[in-house]
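This note is addressed to a colleague who is meeting the structure for the first time. Please read the points below alongside the sequence and the model.

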Amino acid sequence: MKLAALIFDLDGTIAETEEIHRQAFNYAFRKAGLNWYWSRLLYGDLLSVTGGKERIRYFIDQYSPAFPKLDRLTEFIADLHQAKTEKFHETLLSGCIPLRPGVKRLVQEAREAGVHLGIATTTTASNVTILLETSLDAAAPGWFDVIAAGNVVPRKKPAPDIYEYALKAMGADPGSCLAIEDSENGLRASLGAGLKTVVTTNQYTQAHDFSGACLVLDHLGEPNQAATASVGQLAANTYVDLKELALLLD
Ligand code: XBP
Ligand code: MG
């Protein structure tokens, strides 16, 4: 089967951005005078909820942190998240966040071969464009047929909505596309949209349940940096290229 399109998740897949999100959340809490602190361990739990605003509300509901009694909790959370997003942008703009192994190479290979590209993410849309511009190429956002992000759909991952939105926008048949993800929520979303999925794990997601993925790797690999598969196997290479991905569709 010919591979028509690749749809990438963003956070944790294109780059290891969750640590930057975590630090931006903690900055916003300090700036608001809150004594909240999300450690790596706690953030690993909170990542079970996708979407930063939803994650803050989950934290309040689950951990009942001290904060002033408010009659407008939704606005309070939105203001916190706005401050967090501004800090996240500032961090991205202050230095080049490295892309994960193989991402730039695979994107360029896809472009040269006429394989369409999409992004399907629960993060805020502005985070996507800034990350692509600062870490991939100033013109990179234009390389993607669709950047489906954040609140553009009613339900975030693990619901399939964001992938269904991206497929519709690309006019693509899920049977001729592949998703690349990093988390259990992301995999549930892509499988729910009928997409075969390759997972590249990271520090926050390596213990997740990746049942249903056709390949689970530590990263996409490079010619000089072999990828290691924990589920499935690469057919001929030690890194993921279009040939390896097309074989997964068969
Ligand atoms: C990861 C997420 C996002 C980020 C935080 O998205 O769940 O919520 O953690 O970004 P994905 P926001 O893996 O789908 O790219 O605060 O902007 O939500
Ligand atoms: Mg992700």
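The numbered points below treat a strand and its partners, a metal site, a pocket and the cysteines.

1. The model under discussion is predicted. Its features should be read in that light.

2. Strand E1 covers residues 5–8, and its side chains point in two directions: Ala 5 and Ile 7 one way, Leu 6 and Phe 8 the other. All four of these residues are buried. In general, side chains of a regular strand alternate between the two faces of the sheet.

3. E1 has a parallel partner in strand E2 (residues 116–121), with 4 bridges between them. Within that pairing, Ile 7 has Gly 118 of E2 as its bridge partner. E1 also runs parallel to strand E4 (residues 177–181), to which 4 bridges join it. There, Leu 6 is found opposite Leu 178.

4. Which residues coordinate the magnesium ion (ligand 2)? The donors come from Asp 9 (OD), Asp 11 (O) and Asp 182 (OD), at 2.1 to 2.3 Å. Along the chain, the spacing of these donors is D-x1-D-x170-D. Asp 9 belongs to the loop between E1 and H1, and Asp 182 to the loop between E4 and H8, so this pair ties together parts that are 173 residues apart in sequence. Asp 9 is buried, at a relative accessible area of 4%, and Asp 182 is likewise buried, at 5%.

5. The largest pocket has a volume of about 440 Å³. It is lined by 32 residues, of which Glu 18, Leu 47, Thr 50, Arg 55 and Thr 122 are the closest to its centre. At least two lining residues are supplied by each of helix H1 (18–31), helix H3 (52–63), helix H4 (73–94) and helix H8 (184–192). Sorted by class, the lining holds 18 polar, 11 charged and 3 nonpolar residues.

6. Why do Cys 177 and Cys 214 not form a bond? The count of disulfides in the model is 0. A disulfide requires the two sulfur atoms to lie within 2.5 Å. The closest cysteine sulfur to that of Cys 177 is in Cys 214, at 13 Å, and this is too far for a bond. The two residues may also be described by their exposure: Cys 177 is buried, with a relative accessible area of 0%, whereas Cys 214 is partly exposed, with a value of 23%.

Definitions and conventions: Residues numbered from 1 in each chain as written. Chains lettered and ligands numbered in written order. Predicted model: local features only at pLDDT ≥ 70, side-chain atom pairs only at ≥ 80, totals over all residues. Heavy atoms only, no water. Buried < 20%, exposed > 50% of the residue type's maximum accessible area, 1.4 Å probe, protein only. Pairing = 2+ DSSP bridges. 1 Å grid on protein atoms, 1.4 Å probe; cavity = no way out; pocket = protein on both sides within 12 Å on 5 of 7 lines; lining within 4 Å. Points joined across faces, edges and corners; volume = space filled by probe spheres on them. Nonpolar A, V, L, I, M, F, W, Y, C, P; charged D, E, K, R; others polar. Donors = N, O, S within 2.8 Å, 3.2 Å for Na, K, Ca; no water.
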